[in-house]
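Biologist: Before I plan anything around this model, please take a close look at a single part of it, the lining of the largest pocket, and tell me how its residues divide by class. After that, I would like to hear about the surroundings of the ligand and whatever else connects to these parts.

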Amino acid sequence: MGTGMNIGTRVVRTARVLPFGDGVPVVPPLVQSVAFDHASFAAQDRVFAGERDGFVYGRYGTPTTGALEAALAELEGTASATCFTSGMAAINAFLSSCEGPIVAQEDCYGATRAVLERRGSVTFVDPTDHGAVGAALDASGARVLYAEIISNPLLRVVDVAALGAIAHGRSARLAIDATLATPALLAPASLGADVVIHSLTKYINGHGDVMGGSVCGSHEVGAAMRERTILDGAYLPPHDAWLVIRGMRTLGVRMARQCDSALAVATHLAGHPKVARVHYPGLASHAEHDLACRQFDGRFGGVVSFALKADDVGAAGRFLDALELAASATTLGDLFTAVMHPATASHRRLAPEERARLGISDGFIRISVGIEEPGDIVADLDRALSAV
Ligand code: PLP
């Protein structure tokens with residue numbers, strides 16, 4: 001598929017890589033086979049040795065998961081992509097392949113932060129404070145800088161090119177979790193990220209019916225991640241990969257719609273009397289708005305967060321209970337609007353003082369804006385706000 005084409009066009013016919021007799025199926029076949037029969041012992045040996053393309057066993061690679069991996073590598077512009085059973089499996093695989101200290105974004109996704117804390121040898125920083133990032137890399141000697149391109153749930157935006165330069169100047173690699181942006185907004189490797197991680201569960205699949213994760217990077221990263229799928233076993237099964245391929249074909253239109261609607265929702269909430277503040281990179285009030293305009297080419301993602309003026313769990317609960325259209329659900333990036341309360345869900349494990357320091361207060365709400373009519377979404381939010 002021509003890499004000069006728009007990403008929304010490229011995803012429509014992506015993953016057509018499996019030949020089938022004389023024709024290439026427009027939809028990749030779902031190959032469920034766990035094992036693969038080889039013409040000779042020598043042929044199988046060459047596949048095991050990596051001297052020949054092919055398949056041997058379900059944890060080593062499957063044709064359907066391989067089709068998804070080839071598509072992701074093409075979209076991200078990386079030499080390799082490896083798929084795992086969830087975003088967290090991908091993050092764990094990558095982090096466990098890193099030796100030595102890590103410098104990481106302080107307001108990353110709650111489970112990622114918990115994994116980093118459990119691993120130890122981590123310095124948490126504000127990734128928009130480039131002086132602090134450089135100082136933390138210098139002080140720790142870390143060879144990995146880890147950040148989220150749009151953070152969950154505070155929606156901070158990191159400057160990928162600047163962080164890449166800071167990391168590379170110290171012989172460190174930049175790893176970017178690009179789940180909230182997807183390649184529809186930016187391929188971080190094009191700006192210098194060495195490793196790009198996705199929860200495929202979110203926008204890339206987009207239909208709330210499968211979990212998955214991926215790590216994209218160099219051939220060396222690919223080899224290290226293949227070692228993880230073989231030895232740890234959390235490789236994305238073919239049927240799940242097939243569903244992700246089907247979902248990602250509409251990534252372009254879904255993201256366009258969700259970004260436009262999210263901007264409308266954020267603008268509306270910013271003027272609402274019961275709302276204390278709105279976090280959305282598309283609003284001029286957002287600290288990294290100018291960077292987001294430059295980096296994402298006029299789109300800002302489908303997630304909007306806001307804080308209620310009534311800053312307590314009771315008010316947040318009344319708001320969630322009063323929603324009729326939006327699901328009160330702990331996910332994001334699906335077709336449907338989903339609203340959640342980070343303090344009691346994704347960031348529940350974080351110490352209350354640290355949550356408060358980061359700005360994830362008790363009245364803080366995250367909305368993943370779906371593809372429904374934007375007017376209906378806004379009306380639902382207004383109805384729920386009047387119950388607060
Ligand atoms: N990264 C980010 C930014 C996320 O928001 C999430 C989940 O919400 C994950 C990773 C983990 O993905 P999964 O739920 O597929 O394990």
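Modeller: The residues that line the largest pocket divide into 16 nonpolar, nine polar and four charged, and I should say at once that this is a predicted model. The pocket holds about 730 Å³ of space, and of its 29 lining residues, Asp 53, Gly 54, Phe 55, Tyr 60 and Arg 226 lie nearest the centre. Two or more lining residues come from each of α2 (41–48), α3 (63–76), β1 (80–84) and α9 (219–232), and it is α3 that gives the most, with six residues.

Helix α3 also takes part in a charged pairing, and a general remark helps to place it. Side chains of opposite charge can pair when their charged atoms come close. Here Arg 10 forms a salt bridge with Glu 74, with 3.0 Å between the closest N and O atoms. Arg 10 sits in helix α1 (residues 7–10) and Glu 74 in helix α3, so that the pair links distant parts of the chain, 64 residues apart. In the structure as a whole, the count of salt bridges comes to twelve.

Turning to the ligand, there are 15 residues around it, and those that come nearest are Met 88, Asn 152, Asp 177, Ser 199 and Thr 201. By class, this shell has five nonpolar, seven polar and three charged residues, and the element that gives it the most is helix α4 (residues 87–96), with three residues. Polar backbone atoms of two residues approach ligand oxygens: one belongs to Gly 87, at 2.8 Å from an oxygen atom of the ligand, and one belongs to Met 88, also with a distance of 2.8 Å to a ligand oxygen. From Thr 201, by contrast, the contact comes from the side chain, with a polar atom 2.6 Å from an oxygen atom of the ligand. The protein buries 94% of the 390 Å² that the ligand exposes when taken alone.

Asn 152, which is among the residues that come nearest the ligand, deserves a second look for its backbone. Most residues other than glycine have a negative phi, and most peptide bonds are trans. The bond that joins Asn 152 and Pro 153, however, is cis, with omega at about 10 degrees, and Pro 153 is found in the loop between β4 (144–148) and α7 (160–168). Another backbone feature to check by eye is Thr 182, a residue other than glycine whose phi is positive, near 65 degrees; Thr 182 belongs to helix α8 (residues 182–185).

Finally, there is enclosed space to consider alongside the open pocket. Rolling a probe the size of a water molecule over the atoms shows where empty space is left. The structure holds one cavity of 30 Å³ or more, and the space in the largest cavity is about 30 Å³. The residues that line this cavity are Ile 150, Leu 155, Leu 180, Pro 281, Phe 300, Gly 301, Gly 302 and Val 303, and by class they are six nonpolar and two polar, with no charged residues.

Note on methods
Residues numbered from 1 in each chain as written. Predicted model: local features only at pLDDT ≥ 70, side-chain atom pairs only at ≥ 80, totals over all residues. Heavy atoms only, no water. Near = heavy atom within 4 Å. Polar contact = N/O pair within 3.5 Å; in protein donor to acceptor, adjacent residues only side chain to side chain. Areas by Shrake-Rupley, 256 points an atom, 1.4 Å probe, with all protein chains shown as cover. Helix = DSSP H or I, 4+ residues; strand = E, 2+ residues; numbered from the N terminus. Nonpolar A, V, L, I, M, F, W, Y, C, P; charged D, E, K, R; others polar. 1 Å grid on protein atoms, 1.4 Å probe; cavity = no way out; pocket = protein on both sides within 12 Å on 5 of 7 lines; lining within 4 Å. Points joined across faces, edges and corners; volume = space filled by probe spheres on them. Salt bridge = Lys/Arg side-chain N within 4 Å of Asp/Glu carboxyl O.
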